[in-house]
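Let's take a walk through this one, from the overall fold to the empty spaces inside. Have the model open and turn it as you read.

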Amino acid sequence: MKRSEINNLMRDAIEFIEKMNFKLPPFAYWNAKEWETKGRDYDEIRDNYLGWDITDFGSGDFKKKGLLLFTIRNGNLNNDNYIKSYAEKLLIVEEEQITPLHFHWNKMEDIINRGGGNLCVQLYNSTEEEGLADTPVQVSVDGRILTVPAGGVVTLTPGESITLPVGMYHKFWGEKGTGKVLVGEVSMVNDDFTDNKFYEEVGRFAEIEEDEEPLYLLGNEYRAGK
């Protein structure tokens, strides 16, 4: 991805988030020079990769296969200085924009449609060999136990949510014709380096072509000397 594309996606995201009357924390708007002035008091943000996260999953086509996220809070499984056992993210999902099929070994999560369009979530149980099971999938949708066939799709309208347990494959996208979706994620501690099992191999973090200065740093860039 080009840095200019990432910058534009951030601008569009901020406009949409404001339109949806959601507020990001102050560190969302710190540029690289401002980060240079932030001392050890802000290491929780750095160590737990809070902030912007934009990826095309190595596809080279963000609109078709990609995701924009902002990690608001997170714990750390590898650092006892951080006692949070939970995480919260904000996601923006475009119409027909796919987040590839994956599950987590350690993280249970709630995916919440905070507003905008409808969110489609495809589900599979995983096998012991981490393949796709052909068994029915049982999930909780806002406290209601719902059973769908393997590969079935649950559509979440604004305000609805789904609980995804450990080991459940899921793939999601915005429903065509309903608009982009503001999605909330409330989960156990998030670790994108060790806790994502994608069914097909993808690149989790985008390779960036630096064609202009970053508007804001991504969460994995605070310690990269950028």
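What follows goes from the whole chain to its aromatic rings, and then to its cavity and pockets.

Keep in mind that this is a predicted model. The protein chain has 3 helices and 13 strands. Its radius of gyration comes out at 17 Å, close to the 17 Å that the globule rule gives for 226 residues, so the chain is as compact as a globular protein of that length. If you prefer to think in boxes, the C-alpha atoms fill one of roughly 55 × 40 × 30 Å along the principal axes. As for the inside, buried residues account for 50% of the 226 residues.

Now for the rings. Search the whole structure and you get 13 aromatic pairs. One of them is Phe 103 with Tyr 169, an edge-to-face pair with 4.8 Å centre to centre and 75° between the planes. Phe 103 belongs to strand β4 and Tyr 169 to strand β11, so this pair ties together parts that are 66 residues apart in sequence. How much of each partner is accessible? Phe 103 is buried, at a relative accessible area of 3%, and Tyr 169 is buried too, at 0%.

There is also a cluster to look for: ring pairs link Phe 27, Trp 30, Trp 35, Tyr 42, Trp 52, Phe 70 and Tyr 222. Trp 30, a member of that cluster, has a charge for company as well, since the charged end of Lys 38 sits over the Trp 30 ring, 4.3 Å from its centre. The same kind of arrangement turns up with Lys 180, whose charged end sits over the ring of Phe 16, 5.1 Å from the ring centre.

On to the empty space. How many cavities of 30 Å³ or more does the whole structure hold? The search finds 1, with about 170 Å³ of space in it. Its lining takes in 20 residues, and those nearest the centre are Leu 67, Leu 69, His 102, His 104 and Asp 192. The elements that give two or more residues to this lining are β2 (67–73), β3 (86–93), β4 (99–103), β5 (109–116) and β11 (168–174). You'll recognise β4 and β11 as the strands of the Phe 103 and Tyr 169 pair. In character the cavity lining is mixed: 7 nonpolar, 7 polar and 6 charged residues.

The open spaces come next. The largest pocket holds about 320 Å³. It is lined by 23 residues, and closest to its centre are Asn 48, Tyr 49, Asn 190, Asp 192 and Phe 193. Asp 192 is worth a second look, because you met this residue among those nearest the centre of the cavity.Strand β1 (residues 51–55) gives the most to the lining of this pocket, with 3 residues. By type, the lining of the largest pocket divides into 9 nonpolar, 9 polar and 5 charged residues.

Finish at the second largest pocket, which has about 160 Å³ of space. Which residues line the second largest pocket? They are Lys 65, Ile 98, Pro 100, Leu 101, Gln 122, Lys 171, Tyr 199, Glu 200 and Val 202. That lining splits into 5 nonpolar, 1 polar and 3 charged residues.

Methods:
Residues numbered from 1 in each chain as written. Predicted model: local features only at pLDDT ≥ 70, side-chain atom pairs only at ≥ 80, totals over all residues. Heavy atoms only, no water. 1 Å grid on protein atoms, 1.4 Å probe; cavity = no way out; pocket = protein on both sides within 12 Å on 5 of 7 lines; lining within 4 Å. Points joined across faces, edges and corners; volume = space filled by probe spheres on them. Helix = DSSP H or I, 4+ residues; strand = E, 2+ residues; numbered from the N terminus. Nonpolar A, V, L, I, M, F, W, Y, C, P; charged D, E, K, R; others polar. Phe/Tyr/Trp six-rings, centres within 6.5 Å; stacked < 30°, edge-to-face > 60°. Buried < 20%, exposed > 50% of the residue type's maximum accessible area, 1.4 Å probe, protein only. Lys NZ or Arg CZ within 6 Å of the ring centre and 35° of its normal. Rg over C-alpha atoms; globule rule 2.2 N^0.38 Å.
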